[in-house]
Amino acid sequence: MNTSAPTRKQSWKDNVQKTRFVMDILLLVSFLIVLAPQSTGIVLHEWLSLVFFVPFVIHILLHWQWFTHSFKQFKRAKTIRERYNFILNYSLYLLMIFVLVSGFLVSVALFPTLGIPLEIQDFWSKMHHDSATLIMPILGLHLALHFRWIKTLIVQMKKKAV
Amino acid sequence: MKFVKKNWQSRSAIIVGISLVVGLLMITLEQTPYASDINAAGYQHGGEGKPDIPAVVLFILPFVKALVLIGVPLLIARLLANILRLVSRKGSWKN
């Protein structure tokens with residue numbers, strides 16, 4: 001008779017690297033959907049942007065350690081990569097907030113539905129359009145910086161080493 | 001999701017709080033002369049009416065645009081990083 005305890009199959013939720021990977025894919029896919037208002041329609045674009053804040057916050061929660069130590073690490077940074085990573089991450093965060101804020105300020109569906117009157121300024125229309133275009137190459141650079149981590153994790157997952 | 005759930009309420013409150021403060025500070029940009037200039041000049045992007053292309057293409061194009069704008073800088077950055085790594089390796093061999 002086999003007396004050994006049955007081994008529970010490890011889920012991606014039990015591994016921090018896999019959790020980050022899955023949530024990052026979810027974030028990227030939701031970001032791509034939010035970036036295409038011409039495809040989804042303005043109403044869906046605005047509501048999805050509100051929902052998008054959830055995977056965005058989860059992304060920060062999963063990298064909490066980095067955020068809490070980022071300023072100390074920046075001061076001690078020895079390589080250009082570390083400094084570049086710090087500047088790029090915070091630029092991306094600020095730009096993301098700017099895109100969201102400017103998007104809410106040019107809302108034609110979300111705020112009127114909620115009964116909040118809004119006078120749309122051309123300044124915010126321009127800012128929303130320009131910052132949403134700028135955030136894409138910045139995201140590309142962010143992904144490039146973590147490309148090795150993504151590649152290694154995919155290889156390890158294929159080999160079932162993680 | 002144990003990695004997210006650990007103290008998630010307090011940590012999320014900090015993220016949302018900081019983001020709100022940053023967002024409110026950004027709204028003050030509308031008081032700048034730059035904003036007034038844009039508001040005075042007016043702004044419009046995209047042409048009037050629908051372009052004469054199939055609906056499927058119209059649906060796919062924004063995603064292609066996003067993928068190109070993300071993908072091209074990604075590839076250029078990877079290429080530059082590889083070149084820099086090669087150059088630094090060659091430099092270390094010489095020394």
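1. A surface patch, as the word is used here, is built from residues with over 30% relative accessible area and no salt bridge, and like charges are joined within 9 Å. With that in hand, welcome to this structure, which is a predicted model. One positive surface patch brings together A:Arg81, A:Arg148, A:Lys151 and B:Arg89. Notice that chain A and chain B both contribute to this patch.

2. Where does A:Arg148 sit in chain A? This arginine belongs to helix α8, which covers residues 147-158. The UniProt record, in an unreviewed entry, also has a "transmembrane region" at 131-150 of chain A, so-called in the annotation itself.

3. That record gives chain A further stretches under the "transmembrane region" label: 21-41, 47-67 and 87-111. It is worth looking at two of them in the model. Residues 21-41 of chain A are 86% helix and 0% strand, with 29 Å between the end C-alpha atoms. For residues 47-67 of chain A, the helix share is 95%, strand is again 0%, and the end C-alpha atoms are 28 Å apart.

4. Another UniProt feature on chain A, also from an unreviewed entry, is "domain: Flavinylation-associated cytochrome", placed at residues 87-147. In the model, this span is 80% helix and 0% strand. Its end C-alpha atoms lie 17 Å apart.

5. How many salt bridges does the structure hold over all chains? There is one. A:Asp130 and A:Lys126 form a salt bridge through their side chains, with 2.9 Å from N to O. Both residues are part of helix α7 (residues 122-145) of chain A. They are four residues apart, or about one turn of that helix.

6. Turning to chain B, the unreviewed UniProt entry marks a "transmembrane region" at residues 12-29 and at residues 53-80. Residues 12-29 of chain B are 89% helix and 0% strand, and their end C-alpha atoms are 26 Å apart. Residues 53-80 of chain B are 93% helix and 0% strand, and here the end C-alpha atoms lie 37 Å apart.

7. Finally, a word on the domains of chain B. Domain 1 takes in residues 1-50, and domain 2 takes in residues 52-94. The C-alpha centres of these two domains of chain B are 27 Å apart.

Conventions:
Residues are numbered from 1 along each chain as its sequence is written. Chains are lettered from A and ligands numbered from 1 in the order in which they are written. This is a predicted model: local features need pLDDT of at least 70, side-chain atom pairs count only at pLDDT 80 or more; totals for chains, interfaces and linings use all residues. Side-chain values use heavy atoms; hydrogens and water are left out. Patches are made of residues with over 30% relative accessible area and no salt bridge: like charges are joined within 9 Å, nonpolar side chains (Val, Leu, Ile, Met, Phe, Trp, Tyr) within 5 Å. Accessible areas come from the Shrake-Rupley method with a 1.4 Å probe; for residues, only the protein chains shown count as cover. A salt bridge is a side-chain nitrogen of Lys or Arg within 4 Å of a carboxyl oxygen of Asp or Glu. Lys and Arg count as positive and Asp and Glu as negative; His and the chain ends are not counted. The place of a charge is taken as NZ of Lys, CZ of Arg, CG of Asp or CD of Glu. Helices (H or I, at least four residues) and strands (E, at least two) are DSSP runs, numbered from the N terminus. UniProt positions are given in the numbering used here, feature names are shortened, and annotations may be inferred rather than shown by experiment. Domain bounds come from an automatic or database domain assignment.
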